[in-house]
Every structure is written in C-alpha cells, then in structure tokens.
Amino acid sequence: MIIPVRCFSCGRVIATDYIKFREEVEKIKKSENRNPTSEEINNIFDELGVKRYCCRRMIVSHIDLIDEVINFD
Ligand SMILES: [Zn+2]
C-alpha cells in the first residue's frame, strides 16, 4: 500500500529515505535506460545512511499499490 513510516524491526524512520531512494533509482533508469545494479542500490543506501538490513528490506521489498487499490473504494 503505502510505505510504513518506521521500520518494523528497529523503529528507524524510513519513509523519508524511501522517497529519496525512489528518486535516485528513477535517475538511473532515465539516464541509462536500465534498472540499477545491486552495487548501485547498495551505494544509494550508503549515501542515505540506511545501514541495517532490516531497514533496507523495508525499502527494497516495498511495492506501491495505493493507486491500484484506490479504484475499488
Ligand atoms: Zn530497521
């Protein structure tokens, strides 16, 4: 649906990092016309300061479904 504000495991605020993460991924997609590699995703997380795996999995595994679900309101 929408990204949770905090990490389920450690409680770190991740919602703002998710927005920045998406922006960086979109930059790579537009400029190089491909999906980012795992090294590039790792670098994005390092730049954002997302160090723990629990927080990284929250961001990497999230799929925005709100726009599709809202049609059934
Ligand atoms: Zn966490």
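The donor residues of the zinc ion follow the spacing C-x2-C-x43-C-C in sequence. The model is predicted. Four sulfur atoms hold the metal: Cys7 (SG), Cys10 (SG), Cys54 (SG) and Cys55 (SG), at 2.3 to 2.4 Å. The site is tetrahedral, with angles of 94 to 116 degrees among the 4 donor atoms. For reference, the ideal angle for four tetrahedral donors is 109.5 degrees.

The zinc site brings together distant parts of the chain. Cysteine 7 sits in the segment before α1, while cysteine 55 belongs to helix α3 (residues 53-60), and the two are 48 residues apart. Is cysteine 7 buried or exposed? Cysteine 7 is buried, because its relative accessibility is 4% and the cut-off for buried is under 20%. Cysteine 55 is also buried, at 1% relative accessibility. No cysteine pair adds a disulfide: the count is 0.

**Salt bridges**

How many salt bridges does a search of the whole structure find? The search gives 7. Three of them are listed here with their closest N to O distances.

| Basic residue | Acidic residue | N to O distance |
|---|---|---|
| Lysine 27 | Glutamate 24 | 3.2 Å |
| Arginine 34 | Glutamate 40 | 3.0 Å |
| Arginine 56 | Aspartate 46 | 2.8 Å |

Start with the pair inside helix α1. Glutamate 24 and lysine 27 are separated by about one helical turn, because they are 3 residues apart in that helix. Their side chains meet in a salt bridge. Glutamate 24 is partly exposed, with a relative accessible area of 25%. Lysine 27 reaches 52% relative accessibility and so counts as exposed; the cut-off for exposed is over 50%.

Next comes arginine 34, which pairs with glutamate 40. Arginine 34 has a relative accessible area of 30%, so this residue is partly exposed.

The third pair joins two helices. Arginine 56 forms a salt bridge with aspartate 46. Arginine 56 lies in helix α3 and aspartate 46 in helix α2 (residues 38-48), so the pair ties together parts that are 10 residues apart in sequence. The partners differ in burial class. Arginine 56 counts as buried at 13% relative accessibility, whereas aspartate 46 is partly exposed, with a relative accessible area of 45%. Elsewhere, Arg22, Glu26 and Asp64 are joined into one network by salt bridges that share partners.

**A contact across the sequence**

Another acidic residue, aspartate 17, is found in helix α1. Aspartate 17 counts as buried because its relative accessibility is 7%. Where does the chain come back to this residue? The C-alpha atoms of aspartate 17 and isoleucine 59 are 8.2 Å apart in space, although the residues are 42 apart in sequence.

**The nonpolar surface**

Which residues form a nonpolar patch on the surface? The patch consists of Met1, Ile2, Ile63, Leu65 and Val69. Together these residues have about 470 Å² of accessible area. Methionine 1 is placed in the segment before α1 (15-32). That segment also holds cysteine 7, one of the zinc donors.

**In brief**

The zinc ion has a tetrahedral site with donors from Cys7, Cys10, Cys54 and Cys55. Helices α2 and α3 are linked by the salt bridge of arginine 56 and aspartate 46. Helix α1 contains the glutamate 24 and lysine 27 pair, and also aspartate 17.

How values were computed: Residues numbered from 1 in each chain as written. Predicted model: local features only at pLDDT ≥ 70, side-chain atom pairs only at ≥ 80, totals over all residues. Heavy atoms only, no water. Patch = residues over 30% accessible without salt bridge, like charges linked within 9 Å, V, L, I, M, F, W, Y side chains within 5 Å. Areas by Shrake-Rupley, 256 points an atom, 1.4 Å probe, with all protein chains shown as cover. Salt bridge = Lys/Arg side-chain N within 4 Å of Asp/Glu carboxyl O. Helix = DSSP H or I, 4+ residues; strand = E, 2+ residues; numbered from the N terminus. Donors = N, O, S within 2.8 Å, 3.2 Å for Na, K, Ca; no water. Tetrahedral: all angles 85-135°; square planar, octahedral: opposite > 155°, others 65-115°. Buried < 20%, exposed > 50% of the residue type's maximum accessible area, 1.4 Å probe, protein only. Disulfide = S-S within 2.5 Å.
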